[in-house]
Amino acid sequence: MNDKGYPNAYDPNFKGPVAKRSCTDVLCCIIFILFIIAYILLGLVAWIHGDPRRVAYPTDSKGHFCGQKGTSNENKTILFYFNLFSCTSPSVVVNLQCPTTQICVSKCPEKFLTYMEIEFAHKTSQNYSTYYSQFCKTPFGKPAKALAQLLLDDDCPTAIFPSKPFLQRCFPDFATNNGTLTVGNKTTFEDGSGRTRNAIELRTAANRVNKILDARAVGMKIFEDYATTWYWILIGLTIAMLLSCMFVILLRFIAGILFWVFMVGVIGIIGYGIWHCYQEYNNLQGRPNSHLSVYDLGIQTDLSMYFQLKQTWLAFMIILCILEVFIILMLIFLRERIRISITLLKEGSKAIGCIPTTLIYPILTFIFISICIAYWAVIAIYLATSGVPIYKVIAPEGKCKHENTTCNPEIFNTTEIAKACPEAQCNFAFYGGKSLYHQYVPTFQMFNLFVFFWLINFVIALGQCALAGAFASYYWAFRKPDDIPPHPLFTAFGRAIRYHTGSLAFGSLLLALIQMFKIVLEYLDRRLKDPQNNISKFLQCCLKCCFWCLENVIKYFNRNAYVMIAIYGKNFCRSARDAFNLLMRNILKIAVMDKVTDFVLILGKILVAGCIGMLAFLLFTQRLPTIIEGPTSLNYYWVPLLTVIIGSYLVAHGFFSVYAMCIDTIFICFLEDLERNDGSTERPYYMSQSLLKILKEPTVRTKKH
C-alpha cells in the first residue's frame, strides 16, 4: 500500500481505459493460432477422406449407395432385404446389421411369390420371372438355377412379400383385419424354403430392423415438422427480438414500472402453465392406461406417449408450483435489494443509450458462434464418414466362430471361412480403414470437440471484453456524453483483438478444459452404467457436481478478469488477481447487487420466452382458429414449440446480456472510483449522484458498524 492507501499498482491520476498497451499472454496467443491452423488442416483432410453421402443414402451389402446419381443405382433408391426373417438374430443388435443380403431396388414387391413358384409359372408366363428377377442381384429372363443352388449362391431371395417403402427401405405391408395381423391380406404364407410362416414372425423380424432405424424415423418426423413450421418459428423469433428491444428501450425510462411488469407477467405465465397442467391432468381421469407411470412405459421414441400419462402433467404442475412459490419468496425477501438493482438498471440504460451500437453486438456474436457450430458439425460428419467400406462375416444364427471378422466379398466364397460356415455372408458393416489417419479418427473427433469448445468460449470472451471496454469508456467520461471517445465499441473491439487475444484465449482455454472433462465423465458414466455400484455412482455424481461448480466459478471470475483487461490492458492472471482482490475488498456490495440484478434480468428473459411460447402453444395446438389458422398435421407439436421457446430465450439473452455486461462493468468501475477518488475537487467521483447515493451509503453504514 502507498501513503494514500491505494495498492501500489494503482494510479490515482487514472482517467479511463489505458490507451498505450502491449500484447499480453503472447505464448497462449501463439498456441491458440497454431490450434486454429491445425483445425483448418483437419477440416481439409476430413473433406478429402469423408463422404457425407454415406449418411444420406442407404448402403447395400456391397457398400454401394442406393439412389446415388451417376451410378447404376441412380433409379434404385430403396434397400431390399433378401431374407427378413434372419433379422431376428441376436447379432442384429450387436452389429447393427441384418445378416442377409441387401440390394438396391427401384420399387418394393407388391405380391407374394417364391422362387419355387416362378420355376413352374415361367412355363405358362414369362412375366412372373421378369417381375421376380428385379429383386435379384442379376436380372434374368427365366430361372437358371435350382432352388438348392440358388440358396448356396445367394443370388435371389427365396420369397418376396407385399411391402412398402419406409425410410428408403422395403418393409412388409402390415394391416390389421378384425384384430388379426396380416401381410397382404394373409396371415400365413410360404417363406420359399419349405416353411410356413405367419405375419407375427415377420413383424418380429421387421421390428428388429426398426429398432435400428427408430432414431432416424423420429429425426425425419422432426424434420417434417420444421419444414411445415419454419416460417412460424422465424415470425416468433422476430417478435421476440422486437419485444426484447422494446424492453431494453423502456428500461431507461420506466425501469421500476417495467420490473413489476416483469414480475406480474412471469407470475401470470407460470400460473397459466399450472392451470393448463391441471386441466390436462383432469381430462386424463378415467382414460385407459393414463394411470401408468413413466417407468411402466419405458423408453419410447414417440415422446407424445408420455403426454398421455397423468403422472407427466402432475410432475409439470408440481415443478411450476415450486417455481411460482420460489419467485414470490424472492420478491418478499429481496425487496430492498431489488430497489438497488433497479437503480443499476437505469444507469445501465443510460450507458446503452449513449452507446447504442452495443445492442447490435449480440448479432455479431451469434454469427461467430453459428460459424463455429457449422464448422464443427461439418468436420464431425466428414470424419464419421471417412474411410473405405469394411466388410465383416455375419452368420444368420450367430454360431460361426469367425463371425464379426473382416472379410473380402470378392473372394469370400473361396475362403476357408465360407467352407467352415456355409451360411455365413460377407456383408458391408461400416466405413473405416487401417491407415494411420483412420486409426486416429476418434482422436480427431475429440480434437474437433475440444477446439470447438475453445472457439465458442473465445467468441463469448471477446464479446465480453469488447463490451466492457466500451462501457468503461462511458463510465470514466467525466462529462457524459461529451467526453465519451468516438466509436467506443469499435475501439474496444480492436484493442481486444490486437493486444489481448492471448489473454482471452487463456481464459477460454480454462473453460474448454473443464467442459472436456465433463464430457469425458459423462462418457465414462454411460459406458460403465451397468457394472457401477452405489459407491462409484456416488463418486460420479460428486465429480459432476464439482466440475459444474468449478465451471460456474471460472466463468464468473473470467468475466471480471475481462473487465480488468479492457480497462488496464494487463495479462489474464494479473487481471484475474486484481479483479478477485477488488471484489473481496467489497464483498458486501457484491452481496447487495450482483445476483439480484441477474435475477431481475432473468425475469425479463423468462417473460419474453413465456409470452412467445404461450402464443406458439395456442397456435400449434390449433386453439386460435378464429383469429389465425396455424399449421396442421404436425407429428410432434412440441418440437416447433420448444424451438420457439428456447430460441426466444436465447434472443432475449442476447439483448439482456448486454445489460448484464454493462452493469458488471459499471459496478467494477464504481468500486475502482471509490478507492481512487474521495469526491473532492482534486479527485472527484466519476459516478452519477443516484449511483453514489444508493451504493455508497450502505457501505458507509457497514464500515461504521
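Buried here means under 20% relative accessible area, exposed over 50%, and partly exposed in between. The model on screen is predicted. The tour begins with the cysteines.

**Stop 1: an unpaired cysteine**

Select Cys 28. At a relative accessible area of 12%, Cys 28 is buried. Why does Cys 28 have no bond to the closest cysteine sulfur? That sulfur belongs to Cys 29 and is 7.9 Å away, too far for a bond. For another cysteine, go to Cys 611, which is partly exposed at 25% relative accessibility.

**Stop 2: the disulfides**

The model has two disulfides. Select Cys 66 and Cys 104 for one of them; their sulfur atoms are 2.0 Å apart. Cys 66 sits in the loop between α2 (53-56) and β1 (78-81), while Cys 104 belongs to strand β2 (residues 102-105), so the bond ties together parts that are 38 residues apart in sequence. The torsion about the S-S bond of Cys 66 and Cys 104 is about -80 degrees, so this disulfide is left-handed. Colour both residues by accessibility: Cys 66 is buried with a relative accessible area of 0%, and Cys 104 is buried with 6%.

Now move to Cys 108 and Cys 170, which are joined by a disulfide with an S to S distance of 2.1 Å. Cys 108 is found in the loop between β2 and β3 (113-114) and Cys 170 in strand β6 (residues 169-172), so this pair ties together parts 62 residues apart in sequence. Are Cys 108 and Cys 170 buried or exposed? Both Cys 108 and Cys 170 are buried. With a torsion of about -95 degrees about the S-S bond, the disulfide of Cys 108 and Cys 170 is left-handed.

**Stop 3: a residue in helix α14**

Select Ile 456, which lies in helix α14 (residues 441-475). Ile 456 counts as buried, at 15% relative accessibility. Which residues are in contact with Ile 456, leaving aside its neighbours within four places in sequence? They are Ile 369, Cys 372 and Ile 373. To add a distance label here, pick the C-alpha atoms of Ile 456 and Ser 370: these residues are 86 apart along the chain, and the two atoms are separated by 9.5 Å.

**Stop 4: where α17 and α20 meet**

Two packed helices are described by the angle between their axes and the distance between the axes. Show α17 and α20. Their axes come within 10 Å and cross at roughly 65 degrees. The crossing of α17 and α20 is right-handed.

On the α17 side, select Arg 559, Asn 560, Val 563, Met 564, Ile 567 and Tyr 568. They meet a set of residues in α20 that includes Ser 657, Ala 660, Met 661, Asp 664 and Thr 665. Further along α20, the set also includes Ile 668, Cys 669, Glu 672 and Arg 676. By class, the contact of α17 with α20 has eight nonpolar, three polar and four charged residues.

**Stop 5: the salt bridges**

How many salt bridges does the model have? The count is five. Stay at the contact of the two helices and select Asp 664 and Arg 559, whose side chains form a salt bridge with an N to O distance of 2.5 Å. Asp 664 lies in helix α20 (residues 638-676) and Arg 559 in helix α17 (residues 534-568), so the salt bridge ties together parts that are 105 residues apart in sequence. Asp 664 is buried, its relative accessible area being 11%. Arg 559 also counts as buried, at 18% relative accessibility.

Next, select Arg 585 and Glu 675, another salt bridge, with the closest N and O atoms 2.8 Å apart. Arg 585 is in helix α18 (residues 572-585) and Glu 675 in helix α20, so the pair ties together parts 90 residues apart in sequence. Arg 585 is partly exposed, with a relative accessible area of 41%. Glu 675 counts as partly exposed too, at 21% relative accessibility. Then select Lys 518, Glu 551 and Lys 555, which are joined into one network by salt bridges that share partners.

The last selection is Asp 578 with Arg 577. Their side chains meet in a salt bridge of 3.3 Å, N to O. Asp 578 is buried, with a relative accessible area of 15%, whereas Arg 577 is partly exposed, with 45%.

Note on methods: Residues numbered from 1 in each chain as written. Predicted model: local features only at pLDDT ≥ 70, side-chain atom pairs only at ≥ 80, totals over all residues. Heavy atoms only, no water. Disulfide = S-S within 2.5 Å. Helix = DSSP H or I, 4+ residues; strand = E, 2+ residues; numbered from the N terminus. Buried < 20%, exposed > 50% of the residue type's maximum accessible area, 1.4 Å probe, protein only. Salt bridge = Lys/Arg side-chain N within 4 Å of Asp/Glu carboxyl O. Axes fitted to C-alpha atoms, helices over the stretch in contact; angles between N-to-C directions. Left-handed = near helix turned anticlockwise from the far one by under 90°. Contact = heavy atoms within 4.5 Å. Nonpolar A, V, L, I, M, F, W, Y, C, P; charged D, E, K, R; others polar.
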